[in-house]
Amino acid sequence: MKTEWKNDNNRFVAFLDIMGFKAMVNSKPHEFVKEKLEIISGVNQHIVKTVNKIQSGNKFEEFKNCDLRVTQFSDSTVLFTNDNSVADFKYISFAVRTIIQKSLENGIPIKGAMSLGLMTVDFEKSIFVGRPLIEAYLLQEEVAYYGFILDSDAEKFWRNNMPEDEHFYKFEKTPLKKGCVNHLNLKFGKDMKKKNLIQLYESVCGSVRLYVDNTLEMHGRLK
């Protein structure tokens, strides 16, 4: 059974953003843009259903008390955990990986970042305020490939609490807008295919293609 939602708590916050959304709105028919957002919304609903399915089974006992909330603001998706446990960290990482993979499979370029800290998430009053939201937003702005990284607070949690064989993240040189630096990067699942990334070349040209190049380089093991 889920614990009661805590409006004010230390929690994980993940911020995801669709790249090129403004250009899409300006250059594509309204129905095309709407369709893309409906895909993202469908992925978010899929996450909620998957979360409930996990919690109703007996295989993932560690997630029984987790609560994950997903909110979509136009071209941005924000995920909040109720707490800051190891289970919550794994939970939100699983959700983010699913959203990113499903988006890329549908030709939607997306990137993001995650932070950890005190955050007010009051859905009843529509109050969402706290440093983690700002930190996650600002960090994802720096990311120069279609992927997901952790800020220093979330990375510290990972180092202090996760085993060395943890399979969600990899510490490696990461392409940012102002050079490459070491960061913890979310790894794609085994079902992610290289063709899903290559298809993104069809929607961008010029310098923007660097994001596709960087993504393919970051995930060169994909088939």
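**Aromatic rings and a buried asparagine**

Good morning. Let me begin with a charge over a ring: Arg69 lies over the face of Trp5, 4.2 Å from the ring centre. Please keep in mind that what we are looking at is a predicted model.

Trp5 also belongs to a cluster, in which ring pairs link it with Phe80, Phe123 and Phe128. A second charge is placed over a ring elsewhere: the charged end of Arg159 sits over Phe171, at 4.8 Å from the centre of that ring.

I turn now to the aromatic pairs. A pair of aromatic rings is described by the distance of the centres and the angle of the planes. The count for this model comes to ten aromatic pairs. One of them joins Phe12 and Phe157, whose ring centres are 5.0 Å apart; their planes stand at 80°, over the 60 degrees required, so the pair is edge-to-face. This pair links distant parts of the chain, since Phe12 is in strand 1 and Phe157 is in helix 5, residues 152-161, with the two positions 145 residues apart. Are these two rings buried or exposed? Phe12 has a relative accessible area of 0% and is therefore buried. Phe157, at 11% relative accessibility, counts as buried too, because the limit is 20%.

A further pair is formed by Tyr146 and Tyr211, and it is stacked, with 5.9 Å from centre to centre and 25° between the planes. Here again distant parts of the chain are linked: Tyr146 is in the loop between helix 4 (131-142) and strand 6 (148-150), while Tyr211 is in helix 7, 65 residues apart. Tyr146 is buried at 1% relative accessibility, and Tyr211 is buried with a relative accessible area of 13%.

Tyr211 brings us to helix 7, which spans residues 209-218. Its buried residues are Tyr211, Val212, Asn214, Thr215, Leu216 and Met218. What do these residues pack against? Their partners are strand 4 (110-122), strand 7 (169-176), strand 8 (179-186) and helix 6 (194-198).

Finally, I return to strand 1, residues 8-18, where Asn9 has its place. The relative accessible area of Asn9 is 15%, which is under 20%, so this residue is buried. Which residues does Asn9 touch, leaving aside those up to four places away in sequence? They are Asn82, Asp83, Gly117, Leu118 and Met119. With Asn82 there is also a polar contact: a polar atom of the Asn9 side chain lies 2.7 Å from the backbone oxygen of Asn82.

Thank you for your attention.

Conventions. Residues numbered from 1 in each chain as written. Predicted model: local features only at pLDDT ≥ 70, side-chain atom pairs only at ≥ 80, totals over all residues. Heavy atoms only, no water. Helix = DSSP H or I, 4+ residues; strand = E, 2+ residues; numbered from the N terminus. Buried < 20%, exposed > 50% of the residue type's maximum accessible area, 1.4 Å probe, protein only. Polar contact = N/O pair within 3.5 Å; in protein donor to acceptor, adjacent residues only side chain to side chain. Contact = heavy atoms within 4.5 Å. Phe/Tyr/Trp six-rings, centres within 6.5 Å; stacked < 30°, edge-to-face > 60°. Lys NZ or Arg CZ within 6 Å of the ring centre and 35° of its normal.
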